[in-house]
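Biologist: Got a minute to go through the charged contacts in this one? Here's what I'm looking at.

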Amino acid sequence: MKLLLALIGALGLIGAVVAAAFFFGGFYSVAGTAYEPEILKSVLIRVRTASIARHAKDPVPANIEEPAMVQAGAKLFLAQGCTTCHGGPGVGWAKFSEGLHPDPPDLKEVVNERSPAELFWVVKNGINMTGMPSFEVAGVKDQELWQIVAFLKKLPDVSDTDFKAWTAGVTKP
Ligand code: HEC
């Protein structure tokens, strides 16, 4: 029994030394293009989903469906640079966003699976170690964040013409 425990301890120690040499010795590649096993990808997505679901607790404003909210959100969506990475109705994403890893999703394909509180939390706080910025840190107020959320929830039904009309006069950063 003692021998077994000693063996387990020794193996643990060897494992730690090998891992330290691998990571601190520079053998691990931090390249955005480095191969990522499917299992790691799916674990990271599960961690992200669970974390957002647990943290997203802010109460949703009653006027979230009002057209004025949605249209104000459209303006912010363009003015704050969301289209640069995610694209939008009739607006393409910047080519460089294809070099981000993980790559920014086309938001109209995900918003139906997210609650308003979850969208609010993500846009407010960002997602660590991805290109998704915290817009609270970028100076966007909670009230404006809710306008962005109001727009996001309607995004799958917003036509290119509507978006163009709602964002007339707004310039991209
Ligand atoms: C610099 C690029 C960049 C900008 C600018 C950006 N995002 Fe993102 N965003 C990302 C990336 C990358 C992800 C994916 C993160 C991941 O896979 O975990 C993401 C994820 C998201 C998600 C979560 C999607 C999901 O699957 O649940 C939402 C919502 C979102 N962004 C909204 C916005 C909004 C709204 C803005 C503007 C206020 C914005 N983003 C600006 C890069 C960006």
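Modeller: Sure. Keep in mind that this is a predicted model. A good place to start is the salt bridge between glutamate 136 and lysine 124, where the closest N and O atoms are 3.5 Å apart.

Biologist: Where do glutamate 136 and lysine 124 lie?

Modeller: Glutamate 136 is in the loop between helix 5 (116–125) and helix 6, while lysine 124 is in helix 5, so the salt bridge ties together parts that are 12 residues apart in sequence.

Biologist: And lysine 124, is that buried or exposed?

Modeller: Buried, because its relative accessibility is 15% and the cut-off for buried is under 20%. Glutamate 136 comes out as partly exposed, at 39%.

Biologist: Which aspartate does lysine 124 form a salt bridge with?

Modeller: Aspartate 142, with the closest N and O atoms 3.0 Å apart. That pair links distant parts of the chain, with lysine 124 in helix 5 and aspartate 142 in helix 6, 18 residues apart. Shared partners join Lys124, Glu136 and Asp142 into one network.

Biologist: What's the relative accessible area of aspartate 142?

Modeller: 33%, so aspartate 142 is partly exposed.

Biologist: Switching topic, how many salt bridges does the structure hold?

Modeller: There are 6. One of them pairs glutamate 65 with lysine 154, the closest N and O atoms being 3.2 Å apart.

Biologist: Which parts of the chain does that pair link?

Modeller: Glutamate 65 sits in the loop between helix 2 (38–55) and helix 3 (67–79), and lysine 154 is in helix 6 (residues 142–154), 89 residues apart. Glutamate 65 is exposed at 58% relative accessibility, whereas lysine 154 is partly exposed at 28%.

Definitions and conventions:
Residues numbered from 1 in each chain as written. Predicted model: local features only at pLDDT ≥ 70, side-chain atom pairs only at ≥ 80, totals over all residues. Heavy atoms only, no water. Salt bridge = Lys/Arg side-chain N within 4 Å of Asp/Glu carboxyl O. Helix = DSSP H or I, 4+ residues; strand = E, 2+ residues; numbered from the N terminus. Buried < 20%, exposed > 50% of the residue type's maximum accessible area, 1.4 Å probe, protein only.
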